[in-house]
Amino acid sequence: MNIQSAIQPNKAELLREARLAAYATPLEEFHPGAPRLFQNDTLWPWFERLRREAPVHYCTHAPIEPYWSVTRYHDIMHVDTNHAIFSSDVSHGGIMIRDVAPGYDWPSFIAMDEPRHGEQRKTVSPMFTPQHLDELALLIRQRSAKVLDSLPRNETFNWVEKVSIELTTQMLATLFDFPFEERRKLTRWSDVSTALPKSGIVASEEQRRQELEECAAYFGRLWHERAKAEPRNDLISMMAHSEATRHMTPDNLMGNLILLIVGGNDTTRNTMTGSVLALNENPAEYQKLRDNPGLIETMVPEVIRWQTPLAHMRRTALVDTELGGQKIRKGDRVVMWYVSGNRDEEVIENPDAFIIDRRRPRIHLSFGFGIHRCVGMRLAELQLRIVWEEILKRFERIEVVGEPKRVYSSFVRGYESLPVRIPG
């Protein structure tokens, strides 16, 4: 499973140029949240320098409002676990580096503070109990086998489209009991909800609003159907029949649905793609996996760390406070760069290396910590584990045969395409 020789020099040259730029640019001119750094995968030296020289950095050199960047593991943990000081609430701007745009401030439980957050989160938690995950595992394995068996041999295809999107969208449709033949609507709504204006995903804010209003109307119909029916074991029915969520406003319903769609789609789909890329770029690790498939258990959390599918989460300071020797004022934006904390040399040994048999692979930050820790993280891990178990049964190797095309975003670390070939 060797990446094509033409790919690596291009990446090495890009990183060399990025390192020169990162160490030549004055810290006061840093804008680590620039989406282009993530699209061309040249973010690493910029965050490396911040961790070393300005681990809590105030950015005023950006086309958005000023923000603090928190780049070291323990500082991120401090912010993530102190929800009484650092707010997620949409009324303060939400969970992304850019404030929620007017008209898009649908409240979801990830963008709520206590006590409302906990009340609404508990409603969907039964979906992710060990017993229910055991039931879902059978379905995941059946679908993974079917999708993998349908892949072409000896021809180039887009792994993102044929595998990552298809498998994650099938699972989302199951969790919502969404009409299966229309499941790709979920992928589209997820992409539209997080896309930046320059991403090319939507042509205008008017188009984005129109498509998300279609999403709201579609789920509104499903909600009313489930509310009138007997309780069922899907996320919409759970919310429709729970005392904490049955009286949600349409805006609150929309916020929670978008949260569950993005959480169930982007994280698993992009880590599934990232795993193929990581093993191509690290053939010795792939050989370890071939020799000992039991290493899937530690490879899964390692690839989640290595990929960090959501690069950041943002909070807003509720009071004046101090962090890393810096004075944070009430109302300041505070951005936790999970993607940087996952490469913190003080916590993670040899953090830039992809090592599938790490001794402590689960200390990564990708799922967050504290009250907002990802509710579906065990399902994400389960999907990744099963798909790799099924891959190893079928294919000797999956070859990456071209450069990945990454998403234009500093929030979602994702892929639009990854050209691969499976030898016959």
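## A three-stranded sheet

Let's start with a small piece of the fold: three strands line up in the order 4-12-9 as an open sheet, and their pairing is antiparallel. At its edges sit strand 4 (156–158) and strand 9 (399–400), each of them pairing on one side only. Strand 9 and strand 12 (residues 419–421) run antiparallel and are joined by two bridges. Look there for E399, which stands opposite R421 in strand 12.

This sheet also has a helix packed on it: helix 7 (residues 159–176) touches strand 4 and strand 12. The direction of helix 7 makes about 45° with that of strand 4.

## S417 and its contacts

Now for a single residue. S417 belongs to strand 11 (residues 415–417). Leaving aside residues up to four places away in sequence, S417 touches N158, V160, P404 and K405. Take N158: in sequence it is 259 residues from S417, yet the C-alpha atoms of the two are 5.7 Å apart in space.

## How confident is the model?

What you're looking at is a predicted model. The pLDDT averages 90 over the protein, and 96% of the residues score at least 70. Residues 1–7 are another story, with a pLDDT below 50. In the model, that stretch still has 22 contacts beyond near neighbours in sequence.

## A five-stranded sheet

There's another open sheet to find, this one with five strands in the order 1-2-8-5-3 and mixed pairing. Strand 1 (56–59) and strand 3 (86–87) each have a single partner strand, so one side of each is left without a neighbour in the sheet. Strand 1 runs antiparallel to strand 2 (residues 67–70), and four bridges join them. Within this part of the sheet, Y58 stands opposite W68 in strand 2.

Which helix lies across strand 1, strand 2, strand 3, strand 5 and strand 8? That's helix 4 (residues 73–80), and it runs at about 130° to strand 8 (333–337). Strand 5 covers 312–317.

## An aromatic link

The model has 13 aromatic pairs. One of them is F38 with W337, a stacked pair with 5.7 Å centre to centre and 25° between the planes. This pair links distant parts of the chain, as F38 is in helix 2 (residues 35–39) and W337 is in strand 8, 299 residues apart.

## Two helices against helix 11

Helix 11 (residues 250–281) packs with helix 9 (residues 205–228) at an angle of about 100°, and their axes are 10 Å apart. That angle makes helix 9 roughly perpendicular to helix 11. From helix 9 come L212, C215, A216, F219 and W223, which meet L253, M254, L257, I258 and I261 in helix 11. Sorted by class, this contact has 10 nonpolar residues, with no polar and no charged ones.

Helix 8 (residues 184–194) meets helix 11 too: the two axes come within 9 Å and cross at roughly 95°. Helix 8 is therefore roughly perpendicular to helix 11. On the helix 8 side the contact is made by L186, T187, S190, D191, S193 and T194, and on the helix 11 side by I258, I261, V262, N265, D266 and R269. What classes of residue make up the contact of helix 8 with helix 11? Four are nonpolar, five polar and three charged.

Terms used
Residues numbered from 1 in each chain as written. Predicted model: local features only at pLDDT ≥ 70, side-chain atom pairs only at ≥ 80, totals over all residues. Heavy atoms only, no water. pLDDT = per-residue confidence, 0-100. Contact = heavy atoms within 4.5 Å. Axes fitted to C-alpha atoms, helices over the stretch in contact; angles between N-to-C directions. Parallel < 35°, antiparallel > 145°, perpendicular 65-115°, else oblique. Nonpolar A, V, L, I, M, F, W, Y, C, P; charged D, E, K, R; others polar. Pairing = 2+ DSSP bridges. Phe/Tyr/Trp six-rings, centres within 6.5 Å; stacked < 30°, edge-to-face > 60°.
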